[in-house]
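Visitor: I am new to this structure, and I would like a close look at a single part of it. Could you take me through that part slowly, and then through a few other places in the chain?

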Amino acid sequence: MSAFRRPSPRRTARAGIDRGPAPRLAAMTALVGAALLGSALIVDHTGTASVPAALSGSARQLVDPRFNVMVEGDAQLYENETEGPVALGGDLSFRTYNVAANDPGTYVAPGDDRPAGLVVGGGIDFDDTPTYARLRVLQNSYAKIGDLAGAEVVDADDITFVQEAGTVMGGLPSVSVQTDQPVESVGNPAGLDFAGLFAGYRSTATGLAECPQTVELLDQNGAGPWNGIDPNATIELVDGQNVLNLTADQLTVLDNINLAPGGPAPAAGRWLIFNVLVEGDYAFSVPNLGFQGNEISRHMLWNFTTSGTITLPASTGRTVWGTFYAPNARLVDLSAGNIEGNVVVREFQHGGGDVGVNGGEVHPAYFEDDVIPCGDVPPTDPTDPTDPTAPTDPTEPTDPTDPTDPTEPPAPTDPTEPTDPTDPTDPTEPPAPTDPTDPTDPTDPTEPTEPTGPTESGEPTEPGEPTKPSGGAVHAPEPPHAVHSGRLEQTGSEHLLTTGHATP
């Protein structure tokens, strides 16, 4: 038995749940709407297309209707279980598996009164399902099988079986609905347009992959950029949408991604998108996250760009915390680790083709934030901020001409009063100190001119008496001349004494 068997053209043609003009019209409407909106569409109870996710600007609700696992084509559900509801557009094969183990979901198909825990757009591939296989639909939820060719529905009171035709009641292989579901309900249209849904999912995935990175890988202490070779790195998140772009090479190196010291974890209004930028077939090297749990996982998403096959190797054993979003790719989950979030893929194989290869569990940590595909964001709102032309009214503030009144400050020029220090210019009075001309009174001391009286001492001229021998007459000496009081005149720096005439 091959786990990779393609569905027959007959089943592929029936996978669209196309059973009459109303459903066909609904499907066509859904496809057109998906192309225009890039959003998930479903067919309501009246057979018309509706938009389940409220769009806020370019924000999109990621997975709606709310299924834990959403597959566009075929699914091989081998081992172990999905705890929430499962929907696939192609054929189903299985081994030992449970769906809706803890959560029946919220999607109620047209005409039903209970949620659909399992929706199969195609049929059951009994050729790829072993004879001992059993898939159980739990939590009193219903099963919806689009193509019942080769199968029969058996009502066994509290359990409804969908088993291979010709086997005894409750025989294997079978889908066992653990509640009393009406037989006709099993084969009635489920109302899901997988082509329309996945047109929206692919548009969202492409838009997210175009987002520039907003989160930087830091070293293990959060102190600087990651060096590219350390198996430990940290990140720091902000409110709103956080985007971390990762390559296959980086994921090969990274063993642990933690929050920078003191940094916040993903939460409502602060979500984290890991864009895994890979091509072709890829073995996902799952890093261990230091921020874990069902609640945190509701705000994390792994968006894969490849359209090849992504394998979760048996060797990893690590849980994928957050939604696994690869609407273009096939997922082969061989890891005993869990997926804590939605799974949105083109095809899905859960568990190994060989018995005993356990693929772990898928847990219902539904992604809760409205993502923003970057290709949609710029053209819209940013044009509104151009309204700042209104602030050109600030021409009114040109009234500040009033503040030109500060011409009054010239009044402070009163400090010219301090220019009164011109009073200190009175030091011109120092010319008065020229009074030292008084000291020129020392002209009194010039009275020593009296010593010029030595003219009296000219009396020593008496010795001139010896001139008698000349034989001349001897004259009596002239009396000394009377000297008039002198007058002191100042010339430059010298003092001159002017005397009067001698009196005979």
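Guide: Let us begin with one pair of residues, Asn232 and Asn256, the latter being the bridge partner of Asn232 in strand 18. Before going further, please keep in mind that what you see is a predicted model. A little further along, Thr234 stands opposite Asn258, which again belongs to strand 18. These pairs bring us to strand 16 and strand 18 (residues 256-259), which run parallel and are joined by 4 bridges.

Strand 18 also has strand 21 as a parallel partner, and here the two are joined by 2 bridges. If you look for one of the residues involved, you can take Ile257, whose bridge partner in strand 21 is Leu289. Put together, these 3 strands form an open sheet with parallel pairing, and their order is 16-18-21. Strand 16 (232-235) and strand 21 (288-289) each have a single partner strand and stand at the edges, so each is left with one side that has no neighbour in the sheet. As general background, the strands of a sheet pair through backbone hydrogen bonds, and the pairing may be parallel or antiparallel.

From the sheet we can turn to a helix, namely helix 4, which covers residues 194-209. Its 16 residues, at 1.5 Å a residue, should span 22 Å, and the C-alpha atoms at its ends are indeed 22 Å apart, so the expected and computed values agree. Several residues of helix 4 are buried, among them Phe194, Leu197, Phe198, Tyr201 and Leu208, and the buried residues also include the glycines Gly196, Gly200 and Gly207.

The loops deserve the same patience. In the loop between strand 4 (69-71) and strand 5 (75-77) you will find Asp74, which counts as buried because its relative accessibility is 5%, under the 20% limit. The side chain of Asp74 reaches the backbone nitrogen of Asp91 at a distance of 2.8 Å.

Two further loop residues, Ala100 and Asp157, can be read side by side. Ala100 lies between strand 9 (96-99) and strand 10 (116-123), and its phi is near 55°, a positive value in a residue other than glycine. With a relative accessibility of 0%, Ala100 counts as buried. Asp157, found in the loop between strand 13 (151-156) and strand 14, has a phi near 65°, which is likewise positive in a residue other than glycine. Asp157, however, counts as exposed, because its relative accessibility is 61%, over the 50% limit.

In the loop that runs from strand 14 (159-164) to strand 15 (174-177) sits Pro173, and the peptide bond leading from Leu172 to Pro173 is cis, with omega near 0°.

Finally, we can step back to the chain that holds these places. Its secondary structure comes to 6 helices and 31 strands, and of its 504 residues, 43% are buried. Among the contacts in the chain with a separation of 6 or more, 63% are between residues 24 or more positions apart. The chain exposes about 24300 Å², and 55% of that area is supplied by carbon and sulfur atoms.

Notes. Residues numbered from 1 in each chain as written. Predicted model: local features only at pLDDT ≥ 70, side-chain atom pairs only at ≥ 80, totals over all residues. Heavy atoms only, no water. Pairing = 2+ DSSP bridges. Buried < 20%, exposed > 50% of the residue type's maximum accessible area, 1.4 Å probe, protein only. Polar contact = N/O pair within 3.5 Å; in protein donor to acceptor, adjacent residues only side chain to side chain. Expected span 1.5 Å × (residues − 1). Contact = heavy atoms within 4.5 Å. Areas by Shrake-Rupley, 256 points an atom, 1.4 Å probe, with all protein chains shown as cover.
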